[in-house]
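Subject: Structure handover

Hello,

I am passing on the structure below, followed by what was found in it. Please keep it open while you read.

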Amino acid sequence: MRKFRLKNDQNFGGELTAKKSKKRRILTHILIFLIFEIVFTSVTLPILIFYGPFENVKGTITGMSWNTFTHQYIAKFFLSDEAINRIVSSSFAEDPLDNGGVIQKLNFGSNHDDKIEVYNIDGGSFIGKLMLVYDPSRVKVGYSKNFPKSGETTSSIAKRNGAIAAINAGGFMDVGWTGTGGAPMGYIIHDGKIVINQKSNTAKQDTAAFTDQMLIVGKHSVNQLINEYGVKEGVSFGPPLVVNGQNTIKRGDGGWGIAPRTAIGQRDDGTVILLVIDGRRAGSVGATLRDVQDIFLKYGAKNAVNLDGGSSTTMYFNGKIINKPSDGLGERAVASVFMVVPGKAGGKK
């Protein structure tokens, strides 16, 4: 009886070992297959993107890599400088002011309605926040108290200035590429005075600026902005997305790829439109400039302009951040913001 049980135990052990060995072989084959798929996809997908027939995909990916300082190598590895320039420039916004056009003056009187409205934006592949500020005279520029050494978060600048709402605004260079917010690029104008200007006052630069109430977009010199338009608040960034009620992106997606976006616009009744689009996360990959342009047109913008996006994209309202910045650490330090200060009418917010 004992021998019989021993034999059965030995058979059972052998069968168990065989099953384990078979399972290991199956798992090994699956692992090899997965590694092959990963390697195969890693090699063939970029080739398909950059040399395949999908022009829209190629344009979007090229724009995404080329319009960042840290990932230009991706496009340069697969494409020549001539090819990159051809692909990206074919989608760029066409500013009518570059061809002798002028920005039309808007006359909407003194509007001191304190009302602010916030809407959720859902573009299918992206989500965001859109804010309507009915009194344009409340929109001011705020900037880091620490530049050029470092930036300051959007919420910090807003709180320090007693602002009700704010979005990040102009671009900046990180000092030593350390991600500190760094020195502002272009110019910052606040309260009618030049806070900083990295170029000459006669050089035309992309513009997002306000007179007492009207938003100015397109390329203008600092001298022109202050002396001709009477600009009180402004930063240098672009491109313009809507000029005189007309879209500037006629073909392609705008040439900047898909990313988190910040932008500002204005209706012909003076209402200011602040927009942020979340990106680089599940549920919201980001938007193209054309997507942003189309949102402004849908909401009746007469003029609109792109602002610094990416990990800088932030919207602050009533003491908290109401979007989801893409930076894993939360808000990024920035050089400047557009903020909404308390109004004169004491109305509903």
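In β17, Ala304 is the residue that stands opposite Gly265. Please note before going further that this is a predicted model.

Strands β15 and β17

Gly265 belongs to strand β15, which spans residues 261–267. Strand β17 covers residues 301–307, and six bridges join it to β15, with the two strands running antiparallel. Both strands are mostly covered: in β15, seven of its seven residues are buried, and in β17, six of its seven residues are buried.

For β15 the two faces can be listed separately. On one side are Arg261, Ala263, Gly265 and Arg267, all buried. On the other side are Thr262, Ile264 and Gln266, and these are buried too, so that both faces are covered, where buried means under 20% relative accessible area.

The neighbours of these strands

β15 also pairs with strand β16 (residues 272–277), again in the antiparallel sense and over six bridges. Within that pairing, Ala263 has Leu275 of β16 as its bridge partner. The two strands form a hairpin, with four residues between them. One residue in the turn, Gly270, has a positive phi of about 100°.

β17 has a further link, to strand β13 (residues 240–243): two bridges join them, and they run antiparallel. Here Pro240 stands opposite Val305 of β17.

Helix α6

Helix α6 runs over residues 222–229, and Val222, Gln224 and Leu225 are buried in it. Which strands help to cover these buried residues of α6? Included in the cover are β8 (187–190), β9 (193–197), β10 (205–210) and β11 (215–220). Just after the helix comes Gly230, with a positive phi of about 70°.

The second largest pocket

The last item is the second largest pocket, which holds about 200 Å³ of space. Its lining includes Ile103, Lys105, Leu106, Asn107, Phe108 and Gly109. Thr211, Asp212, Gln213, Met214, Ile216 and Tyr229 also line the pocket. By type, the lining divides into six nonpolar, four polar and two charged residues. Tyr229, one of the lining residues, lies within the range of α6, residues 222–229. Ile216, also in the lining, falls in β11 (215–220), part of what covers the buried residues of that helix.

Regards

Technical notes
Residues numbered from 1 in each chain as written. Predicted model: local features only at pLDDT ≥ 70, side-chain atom pairs only at ≥ 80, totals over all residues. Heavy atoms only, no water. 1 Å grid on protein atoms, 1.4 Å probe; cavity = no way out; pocket = protein on both sides within 12 Å on 5 of 7 lines; lining within 4 Å. Points joined across faces, edges and corners; volume = space filled by probe spheres on them. Nonpolar A, V, L, I, M, F, W, Y, C, P; charged D, E, K, R; others polar. Buried < 20%, exposed > 50% of the residue type's maximum accessible area, 1.4 Å probe, protein only. Contact = heavy atoms within 4.5 Å. Pairing = 2+ DSSP bridges.
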